[in-house]
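Open the model in your viewer and keep the selection tool ready. Here is a short tour, stop by stop.

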Amino acid sequence: PDNPTGPLVRALGRKRWSGATVKSHVFATRYNTVDRALPRLLKTFEPDAIVMFGLATRSRAIRVETLARNRISHYPDAGGFTHGPCAIEAAAARTLAVRAPTAGLLRAIKRAGLPARLSRNAGDYLCNYILWHATRASETHGVELSAFIHVPEPSLRITPDALLAAGEAIIETTIATLRRKRRQPVHQ
């Protein structure tokens, strides 16, 4: 009931960004929603980058995820369905490195004045599930960057306004990274 990521994503989607278009989508906490909606969104928007946010109730800091794990838990989603425990893709690697400027995102969050750290464990629930699929999209759909940010529950230190400032810094860092990548000469 106190998940701050929905309001954050909607607010980031309403903001005007210099030289960039940002579209937002809030996923229902269901595996089949991710399975249906993510491919549709990729096809419709053909994004250059995907930045996802999820709630990490036990975390005390914002976590920039660096790995997607090929794992689904036995915990049911909001609809009572579970795939696991099992691998997301039976014949795939155990982990996928996230294609995002994780160190830059970490610095941006810290500059916004919030506690943050890099994380190698996005869990094995829907956050990791969508991170796995978005990271795969980076490999197969031309998505240049794919990041996942876990946020803790609201607190005195991490207020909605502070979280919005960090979210804006994350999006600005992502946009700046895309611009830098495009200015680099292609070596053949």
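The tour of this predicted model goes through a charged patch, a backbone angle and the cysteines.

**Stop 1: the positive patch**

Select R107, R111, R179, R180 and R183. Together they form a positive patch on the surface. Now colour helices α3 (102-111) and α5 (160-183). These are the elements that give two or more residues to the patch. Which of them gives the most? It is α5, with 3 residues.

Zoom in on R180. You will find R180 in helix α5. R180 is partly exposed, at 44% relative accessible area.

**Stop 2: a positive phi**

Next, select E46. Look for E46 in the loop between α2 (31-45) and β1 (49-55). Check the backbone here: phi of E46 is near 45 degrees, a positive value in a residue that is not glycine. Most residues other than glycine have a negative phi. Is E46 buried or exposed? E46 counts as exposed, with a relative accessibility of 63%.

**Stop 3: the cysteines**

Select C86 and C127. How many disulfides does a search of the whole structure find? The count is 0. Why is C86 unpaired? The closest cysteine sulfur, in C127, lies 17 Å from the sulfur of C86, so the two are too far apart for a bond. A disulfide here needs sulfur atoms within 2.5 Å. From the other end, C127 is in no disulfide either, and the nearest cysteine sulfur is that of C86.

Finish by showing the surface around each. C86 is partly exposed, at 33% relative accessibility. C127 is buried, at 17% relative accessible area.

Methods: Residues are numbered from 1 along each chain as its sequence is written. This is a predicted model: local features need pLDDT of at least 70, side-chain atom pairs count only at pLDDT 80 or more; totals for chains, interfaces and linings use all residues. Side-chain values use heavy atoms; hydrogens and water are left out. Patches are made of residues with over 30% relative accessible area and no salt bridge: like charges are joined within 9 Å, nonpolar side chains (Val, Leu, Ile, Met, Phe, Trp, Tyr) within 5 Å. Accessible areas come from the Shrake-Rupley method with a 1.4 Å probe; for residues, only the protein chains shown count as cover. A salt bridge is a side-chain nitrogen of Lys or Arg within 4 Å of a carboxyl oxygen of Asp or Glu. Lys and Arg count as positive and Asp and Glu as negative; His and the chain ends are not counted. The place of a charge is taken as NZ of Lys, CZ of Arg, CG of Asp or CD of Glu. Helices (H or I, at least four residues) and strands (E, at least two) are DSSP runs, numbered from the N terminus. Buried means under 20% relative accessible area, exposed over 50%, partly exposed in between (1.4 Å probe, protein chains only).
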